[in-house]
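Hi there,

Here is the structure I promised to pass on to you. Have a look at it first, and then read on for what turned up in it.

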Amino acid sequence: MEVNIQKAVKMFFSNSSFEMIYNEALANALDADANEIRINISLPDPTQLHNLQLTISDNGVGFDDFRFGKFSKLFDVEEQSHKGLGRLVYLCYFERVHIESTYNGGTKKRTFTFDDGFNGENTVEDTEPYPCGSSLTMQGFAGERLHRNDNINPNYIKSLLMENFYMRLYKKKLNEERIRVIIESHVGGSRVEAIVDTDDMPDFSILPLDHQLDLFNSIDLYYSVRETDEAGKKPITAIAVDDRCHQVAIIDDENLPVGYEMIFLLISESFQGAIDEARQNLTLSGNDLGNIKRLFREGIASIINERFPRIAAANREREEYLKNTYPHLSGYFKTSDIGFSSHNDILKDAQEQFFRDQREILSATTLSDEQYEKSLQLAARSLAEYILFRQNVISKMKVLDSTNLEADLHNLIAPKGSEFQEGELYKDLYRNNVWLLDDKFMSYCTVLSEAEMSKVIDVITEGEVKDNDDDRPDITLFFSADPTKDNRMLDVVVVELKRLGITPEQNSIVEFQLDTRTQRLAEYYGRRIQRMWFYGIVEFTDKYRMHLVNNGYNPLFSNGSVYFKSKPVYTDLEKSFSVVQNSYIMDFKALAEDANARNETFLKVLKHQFENPQ
């Protein structure tokens, strides 16, 4: 051979797989007009892999002078569909291949050994008339282990050969040429057999696709979809190149349809030769391959939607789930990818397109009418994203455990130890959740450090009996501005969580505490507090409700229990200064369900906007 075989093996098959041996052997046998091929696998002791032997025989025309001459020269091919390199894969895994071939009507027998040192040497002898054919015996396994045990499993090899040769075997079936491949293994004293037979090939339907890669060749989608009881049957999606099928990822594993055997093959003369010398990678351009995959998905989707309503319904459910879960991305989801690409990939692509549109608008110096309309829609989508975040906060709040409700709820409203700055509104928007109480508080910011918050709470609770685990009340304060930096008048929101299970008498202390804390807070900040909203989260009983009613509280419409009272609180007996105190006493259900009702209203409005654009 004119080319250094060892170097050629490393150059062209550095990323080979053991399965390629079977693919190459079957392709060569079919090229030799064989209609019966036998694959025999022998491994007496599975722990002694060096004794692994493969014998692949066929009843083809054999290695006559012409075919042997081509075998002896790499790259010597007659057609674009042949590469002239496939036999090298044998030497990736075996040290030598002993070949015996009968040809010339069964009167000649050629014998030779194919190994790293092969130089065309062979022996030819006359023989008694004998059926033509070739036998390749591969010996001297070169690896330390098999990548997977399936490589010597006849049933796996059967599936492998069918998947790679569906198109070629199907053509044989159409031409009424029966092909049989008998695969037999003898491993560790156990015998297993599997048979590939063109009679068992499915009958394909054909869908012509309205697309061409060139001016001359059309593209057809061959498909077979049938129900099966076999679990975990993975769909076959492949491009037929040179009468072999090259798998392309079209349907992600998470979308595998249950109860169906699905085969989709894309066929076109445009694909001929579009694969590298080792038949491992397509050589189509990235743009062409992207268009082919898109076309492939659209063709499969049209077949499924028309003929398989159960699968189509499952895909529609996936689409509805995406729209309902991520309404701000509605319209960005590629519907042709749903049911094919993974959930994460669909979401990622939609998010990236959303970001690209945002960048386009933000980088524009002037806006056309079209861009202006687009900017309004993008603003609505950004708002929907925030509303969706709020819905997730509410969902977390609904599942809080009463055993640790106080600390968890505190951290949902505002993480303990947090310090929010007015200039970082957008970042803090996803941490400051005082909107749970009322949306009018969204612009409020806490600006107290942990040390300052501790000092303030110590001042306003001086002399009180502490009744929670860490001897510190669960109080959160939100100010309308930084109370430590200037002399502006301030509004403040105070949230206090009363632990569950305390008596109505203990709950009632909250009103006295409220007045005292209002006075002390105003004094601490130099009488700059002008309005205060107090929210007490308590556990209600009828006795406690009666107490609130008798003390001037009025029930408000709510999904839970809410009582409200507004009054001035004076800081001295002369009534020289007062703070407007708006008090809300509510249970946890009111906090969660009322926030949910408000937020869902926003969400419904935005969803309607995206689903019904003007």
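On the side of helix α7 that is turned away from its buried residues, you will find Pro309, Arg316 and Glu317, which are exposed. Please keep in mind throughout that this is a predicted model. The buried residues of α7 are Ile311, Ala312, Asn315 and Leu322. Viewed down the axis of α7, they fall within an arc of 100°, so they line one face of the helix. The helix itself runs over residues 309–325, and its 17 residues reach 24 Å from the first C-alpha to the last, close to the 24 Å expected.

Next, have a look at strand β15, residues 490–497. Eight of its eight residues are buried, so the strand is largely enclosed by the rest of the structure. Leu490, Val492, Val494 and Glu496 point one way from β15, while Asp491, Val493, Val495 and Leu497 point the other way. Which strand does β15 pair with? Its partner is β16 (residues 529–537), and the two run in the parallel sense over eight bridges. Within that pairing, Val493 stands opposite Trp533 of β16.

Another strand worth a glance is β12 (residues 244–247), which holds His246. His246 is buried, at a relative accessible area of 16%. Its C-alpha atom is separated by 9.9 Å from that of Ile236, ten residues away along the chain.

At the surface, Leu367, Tyr372 and Leu376 make a nonpolar patch of about 280 Å². Tyr372 belongs to helix α9 (residues 369–398) and is partly exposed, with a relative accessible area of 43%.

Now for the charged pairs: the whole structure has 23 salt bridges. In one of them, Lys172 meets Glu177, with the closest N and O atoms 3.3 Å apart. Lys172 is buried at 16% relative accessibility, whereas Glu177 is partly exposed at 36%. Glu184 and Arg191 form another, with 3.0 Å between the closest N and O atoms. Here Glu184 counts as buried at 15% and Arg191 as partly exposed at 48%.

A further salt bridge joins the side chains of Asp542 and Arg545, at 3.3 Å from N to O. Because these two are three residues apart in helix α14 (residues 542–550), about one helical turn separates them. Asp542 is exposed at 64%, and Arg545 is partly exposed at 24%. Elsewhere, Arg178, Arg180, Asp197 and Asp199 are joined into one network by salt bridges that share partners.

Enjoy exploring it!

Best wishes

Note on methods:
Residues are numbered from 1 along each chain as its sequence is written. This is a predicted model: local features need pLDDT of at least 70, side-chain atom pairs count only at pLDDT 80 or more; totals for chains, interfaces and linings use all residues. Side-chain values use heavy atoms; hydrogens and water are left out. Helices (H or I, at least four residues) and strands (E, at least two) are DSSP runs, numbered from the N terminus. The expected span of a helix is 1.5 Å times one less than its number of residues. Buried means under 20% relative accessible area, exposed over 50%, partly exposed in between (1.4 Å probe, protein chains only). The arc is that of the directions from the helix axis to the C-beta atoms. Two strands pair if DSSP finds at least two bridges between them. Patches are made of residues with over 30% relative accessible area and no salt bridge: like charges are joined within 9 Å, nonpolar side chains (Val, Leu, Ile, Met, Phe, Trp, Tyr) within 5 Å. Accessible areas come from the Shrake-Rupley method with a 1.4 Å probe; for residues, only the protein chains shown count as cover. A salt bridge is a side-chain nitrogen of Lys or Arg within 4 Å of a carboxyl oxygen of Asp or Glu.
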